[in-house]
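Visitor: I've never looked at this one before. Could you walk me through how to read it, one feature at a time?

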Amino acid sequence: MEQKQILIITYYWPPAGGPGVQRWLKFVKYLPDFGIQPIVYIPENPTYPIVDENLIKEVSNKAIILRHKIFEPYQLASFLSKNKTKKISSGIIPNQKKQSFLDKTFLWIRGNLFIPDARVFWVKPSVSYLEKYIQENNIDTIITSGPPHSLHLIGLELKQKLNVKWFADFRDPWTTIGYHKSLRLSNYAAKKHKTLEHQVLNIADTIIVTSKTTKTEFEAITDKPIAVITNGYDDENVEKQILDTKFSLAHIGSFLSERNPCVLWESLVELINEIPDFKSHLEIKLIGAVSQEVLETLSQFGLNSYLSNLGYVSHSEAIAYQRKSQVLLLIEIDSEVTKSIIPGKLFEYMVSNRPIIAIGPKDSDFADIITTTNTGVFFKYSEKMRLKSVILDFYNQFLQGKLQSNGVGLQRYSRRNLTKELAQLIN
């Protein structure tokens, strides 16, 4: 039987590293199993803030890959400050009180001159290229994935020009995403973002989101159907890991300034002072990009001697670290607008057999997932005594060699099952 062809328009694709690449890399891997031929449109010469060459070998050989040149202002801005450009591009924004003049300038330019984002110059050439390709190949379904939300503008123009069905996939929200307010937006820029968001949500045929809260948020803006398809985990070929001999608390992924959990650092300091042997066992492992503010706070709390700051590692190495660390940390910004954020690494954490300590805002969507799957414990930022008590309980289990997670109902979050949901939606 002939497979249905769909065109997937995405920015993040191997060798891009980080969480943004995983969702569609894995959907594309499994879509052919459900009668769908994925055609993936990506930039030919992107400026990725994180690179993971190992992911190239995970690209399905059944996918058709289209590439087209992109102009990105980050390529020019990097001549002024490569480090600052890379950090802002990856979402590491300095604390507002500690921003230099150059930081403020970069953020103002990013927020006000490039709307919705710095990949906006790819929209026109992509529409021109894809309009011809879609007509020549009789494609009737397109999917755009954002952020960057410029890619939804490609879908918007193609929908207006051609008779195609358009699915707009939001890996994160648009105007309520955590860093949006940090972009020093003018009134004009803020209104322009809202206008574009409204257009996309009301012209796309179907919206796909990763959380219930984002669905509720978008339902106030559009009457179009909205499907929730979360991120998930894949069956990774990872050798069995030997558990750390230390009581290691590992955070894997970007550790942003606003995610700085003083409630956790305070709890650890108190346990160091109260439990004689705790200090000899404790290790804090940070794997991924870490903001300077987080590092300074750890220093202020006197926790530097317990810190292993390992920097960015490949995805396969990150999976290995998840499985050998004693406890996994999941931290989200304490804000109403971040309730909808479900970090992609959560699902890999859940199948690592290691307990999760999660800290975030009240009514977080990921709190429900952790609770219902029995994979860890969620805390609000105000729950220091309860957090401290659970860390102590985990520590005692560690001393007895009994610390582990016993997840339930995890199969629903497998990438294959989630792709089946997507295929049913598309068909």
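Visitor: Let's start simple: how many helices and strands are there in the chain?

Guide: Keep in mind that this is a predicted model. The chain has 16 helices and 13 strands.

Visitor: What share of the residues in the chain is buried?

Guide: Of the 427 residues, 56% are buried. You can also look at which parts of the sequence touch: among contacts with a separation of 6 or more, 75% join residues 24 or more positions apart.

Visitor: Now the strands. In what order do the 6 strands of the open sheet come?

Guide: Reading across the sheet, you go β10-β9-β8-β11-β12-β13, with parallel pairing. β10 (307-311) and β13 (376-379) are the edge strands; each has a single partner, so one side of each has no neighbour in the sheet. On average, neighbouring strands here are turned by 20° against each other, ignoring direction.

Visitor: Can we zoom in on one pair? How many bridges join β11 to β12?

Guide: Strand β11 (residues 327-331) and strand β12 (residues 356-359) run parallel and are joined by 4 bridges. To find one of them, go to Ile-331, whose bridge partner in β12 is Ile-359.

Visitor: Which strands does helix α15 touch?

Guide: Helix α15 (residues 384-399) packs on the sheet and touches β8, β11, β12 and β13. Its direction makes about 160° with that of β13. Then there's helix α9 (residues 262-274), which lies across β8 (247-252), β9 (282-287), β11 and β12 and runs at about 155° to β9.

Visitor: Let's move to another strand. Are the two faces of β6 covered or not?

Guide: To check, look at the side chains on each side of the strand. In β6 (residues 206-209), both faces are covered: Thr-206 and Ile-208 are buried on one side, Ile-207 and Val-209 on the other.

Visitor: Which residue in β6 is the bridge partner of Phe-170?

Guide: That's Val-209. β5 and β6 pair in the parallel sense over 4 bridges. β6 also pairs with strand β7 (residues 226-228), again in the parallel sense, over 3 bridges. There, Ile-207 stands opposite Ile-226.

Visitor: What about loops? Where is Thr-175 found?

Guide: Thr-175 sits in the loop between β5 (165-170) and α7 (187-203). The cut-off for buried is under 20% relative accessible area, so at 12% relative accessibility Thr-175 counts as buried. Thr-175 and His-193 are 18 residues apart in sequence, with their C-alpha atoms 6.8 Å apart in space.

Visitor: Now the empty spaces. What is the volume of the largest cavity?

Guide: About 30 Å³, and the structure holds 1 cavity of 30 Å³ or more. To place the cavity, find the residues that line it: Tyr-233, Asp-234, Glu-236, Ile-319, Gln-322, Arg-323, Glu-348 and Val-351. By class, that lining has 3 nonpolar, 1 polar and 4 charged residues. Helix α12 (residues 315-324) gives the most to it, with 3 residues.

Visitor: And pockets? Which residues are closest to the centre of the second largest pocket?

Guide: Of the 17 residues lining that pocket, the closest to its centre are Lys-26, Lys-57, Glu-58, Glu-236 and Asn-237. The pocket has a volume of about 380 Å³. Two elements, α1 (22-30) and α12, give two or more residues to its lining, and the largest share, 3 residues, comes from α12. By class, the lining divides into 3 nonpolar, 6 polar and 8 charged residues.

Technical notes
Residues are numbered from 1 along each chain as its sequence is written. This is a predicted model: local features need pLDDT of at least 70, side-chain atom pairs count only at pLDDT 80 or more; totals for chains, interfaces and linings use all residues. Side-chain values use heavy atoms; hydrogens and water are left out. On a 1 Å grid over the protein atoms alone, a cavity is a set of points where a 1.4 Å probe fits but cannot get out, and a pocket is an open set with protein on both sides within 12 Å along at least five of seven lines; lining residues have an atom within 4 Å of a point. Grid points are joined across faces, edges and corners, and a volume is the space filled by probe spheres set on the points. Ala, Val, Leu, Ile, Met, Phe, Trp, Tyr, Cys and Pro count as nonpolar, Asp, Glu, Lys and Arg as charged, and the others, Gly among them, as polar. Two strands pair if DSSP finds at least two bridges between them. Axes are lines fitted to C-alpha atoms, for helices over the stretch in contact, and angles run from 0 to 180 degrees between N-to-C directions. Contact means heavy atoms within 4.5 Å. Buried means under 20% relative accessible area, exposed over 50%, partly exposed in between (1.4 Å probe, protein chains only).
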